[in-house]
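Work through the exercises below with the sequence and the coordinates at hand. Each task is followed by a solution that proceeds step by step.

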Amino acid sequence: MPDIDALSRPRRLLVLSICCMSLLIVSLDVTALNVALPSLERELGADVSGLQWTVDIYTVVLASFLMLSGSTADRVGRRRVFKTGLVLFVAGSLLCALAPSLGWLIAFRAFQAIGGSMLNPVAMSIITNTFRDPRELARAIGVWGGVVGISMALGPILGGALVASFGWRAIFWLNIPIGLAALVLTTRYVPESRAAHPRRLDVVGQLLVIVLLGSLTFGIIEGGHDGWGSPLLLICFGIAIAALACLLWYEPRRKEPLLELRFFRSAPFSGAFAMALAAFAGLGGFLFLNTLYLQNERGLGAFDAGLHLLPMAAMTLVFAPLSGYLVSHVGPRLPVLLSGVAITVGGVLLTGLTRDTSLAYLFSAYVTFGIGFGLVNAPITNTAVTGMPRSQSGVAAGIASTGRQVGSALGVAVVGTVLGTSSRDTGWWVLAGCGALVLLIGLLTTGRGARRTAESAMARIAEEDAAERARSAE
C-alpha cells in the first residue's frame, strides 16, 4: 500500500471518489427515507412522533458518535475505522429492511447510525490528509458538497420510485450493494493514515455528549406535544443544560478531550459549527414538512412528491460545486452570505402554502431554498478543516459533522413539534429563521478580524501541544 504522501493525482481523485460513495449512501438514506414517511405512517401505524423518531434517532446517534469516530480514526487508522463503518452501516441497512415493526425499525436505525458515524467525518479526514494543496483541497471539498447535491437530486426521486414500486424497505436494500462496493474499493485503493500523536478514549466526554443530545431531542419530540412549557420538556432541557455545563467544565481539564474546545477560539471555526447547526436544521425541517405537505395535503404519491422536490435538489447539485469554486478563489464569505439570503427568502416564500398553491410559485420557493443550501456546505467544511492541525483533522471534521447532524435532528424535532401544536406556517417561519441565522453568523465570522482569531488560535494550540509533548518526554 503506497504512502499517502506519494499518491499520484489520479490516485488521489480515486480516493476522493471512494470517500464520496460513503457520503452518497448516508445522504441518500436520509433524503430517500423522507419521501417514505407517509408510507410508514400507513403501513406501520406511525404518528407524527413516530415519524420524527424514525428520522431523528439516526441523526441523534450519528451526532453522538461522530467526534468519537473522528478521534478514533486519528488514533487507530482512518482506513480501518472507515471500513468498520461500512460493515456496520451495511449490516444496519439489512436489519432495517427486515424490521417487523416501527419500534424495531427505530432500533435498527440507531445501529445503522453507529456505522454511519464512522463514514463521513472519517472520509473527510482521509480527504484532508490526501489533498495537501489548499486550492486542490478546496476543489475536493466542492466535489464533496456536490455529492450532497446529487443525493438531494436522486434521493427524493429514487426513494419515491422505490416506495411506489417495491415499498419503503427497498430504500434500505439499496444501501447494501453500494456499501459493499465501497468496502472493496477502500480495501484495495485507500492508503492507511493516522495521527502522529493520537488521543486516548474519553469515556466521560462521550457519555456527556450522548446525554446532552438525547435529552434535548427527546424533550422536544415527546414533551413538545403538551406545549413548550410541559414538565417533561423542561426536565429534559434541564438535563441537557446540566450535561452541557459538565462538558464545558470537564473537557478543558482533560489532556486529550473528545471535544476539542480550543478549536472554538477560532471565530471561523465556531461560525462554521453554528452555521452547520442552522443550515441543516433548515434542511431537516424543509424535507420533513414538504414531504407531509406534498403527499398528505396535495395528495401526491411518493414518486410524484419526489419529482416535485427535484427543483430544490437540482439547485443544490448545481450550486454546491460552484460554492467550492468560489471558496477556493474568493474565500467563504461570499457564498455564505448569498446562502443566508437565499435560505431566508425560500423559507418566507413557503409561508401561506395551500393545497391549491400554483406549482410555479411552489417551485420558485424550492429553487431559492436549494440555491441557499447548495452554497452553504462547502464554506462550512472548508472553514472547519483548513487551518486546523492535520494531526487532529478527524476531530475537526467530526465536530463539523456533529453540527450538521445535530442541526438536522433539531430541525425535524422542532418543526414536527410545531406541526403538532401550531400551524404549518410557523414551521416555514422556522426555516426562514434558520437562513437569517446563517446570514448573521456569516457576517460575524468570515471577515478579516475573524481570520486573525483563527491564526492566533492555531498558533496557541501548536504551542500548547508542543509544551505538553516536551513535558511528557521529560
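**Exercise 1. Compare the end-to-end reach of helix α4 with its expected span, and list the buried residues of α4.**

Solution. Helices here are DSSP runs (H or I, at least four residues), numbered from the N terminus, and α4 covers residues 78-97, which makes 20 residues. The expected span is 1.5 Å times one less than the number of residues, which gives 28 Å for α4, and the reach from its first C-alpha to its last is close to that, at 28 Å. For burial, the cut-offs are under 20% relative accessible area for buried, over 50% for exposed, and partly exposed in between, with a 1.4 Å probe and protein chains only. By that rule, the buried residues of α4 are R78, R79, V81, F82, G85, L86, F89, V90, G92, S93, C96 and A97.

Before going on, note that this is a predicted model, in which local features need pLDDT of at least 70 and side-chain atom pairs count only at pLDDT 80 or more, while totals for chains, interfaces and linings use all residues. Residues are numbered from 1 along each chain as its sequence is written, and side-chain values use heavy atoms, with hydrogens and water left out.

**Exercise 2. Apply the same two steps to helix α17.**

Solution. Helix α17 runs over residues 424-445, and because its 22 residues should span 32 Å at 1.5 Å a residue, the separation of 32 Å between its end C-alpha atoms agrees. Its buried residues include R424, W428, L431, C434, V438, I441 and T445.

**Exercise 3. Locate the salt bridge and describe the surroundings of its two partners.**

Solution. Side chains of opposite charge can pair when their charged atoms come close. With a salt bridge taken as a side-chain nitrogen of Lys or Arg within 4 Å of a carboxyl oxygen of Asp or Glu, the structure holds one. The partners are R254 and D202, whose closest N and O atoms are 3.7 Å apart. This pair links distant parts of the chain, 52 residues apart, since R254 sits in the loop between α10 (231-250) and α11 (267-297), and D202 in the loop between α8 (169-189) and α9 (203-223). R254 counts as partly exposed because its relative accessibility is 22%, whereas D202, at 3%, counts as buried.

**Exercise 4. Identify the polar contacts made by the side chains of R11, N377 and T187.**

Solution. A polar contact is a pair of N or O atoms within 3.5 Å; within protein, one must be able to donate a hydrogen and the other to accept it, and residues adjacent in sequence count only if both atoms are side-chain atoms. R11 lies in helix α1 (residues 9-35), is buried at 19% relative accessibility, and reaches the backbone oxygen of Y189 with its side chain at 3.0 Å. N377, in helix α15 (residues 359-385), is buried at 4% relative accessibility, and its side chain contacts the side chain of R404 at 3.0 Å. T187 belongs to helix α8 and is partly exposed at 37%; a polar atom of the T187 side chain lies 2.9 Å from the backbone oxygen of L183.

**Exercise 5. Determine how far apart the C-alpha atoms of A400 and A384 are.**

Solution. A400 is placed in helix α16 (residues 393-421) and is buried, with a relative accessible area of 8%. The C-alpha atoms of A400 and A384 are separated by 6.2 Å, although the two residues are 16 residues apart along the chain.
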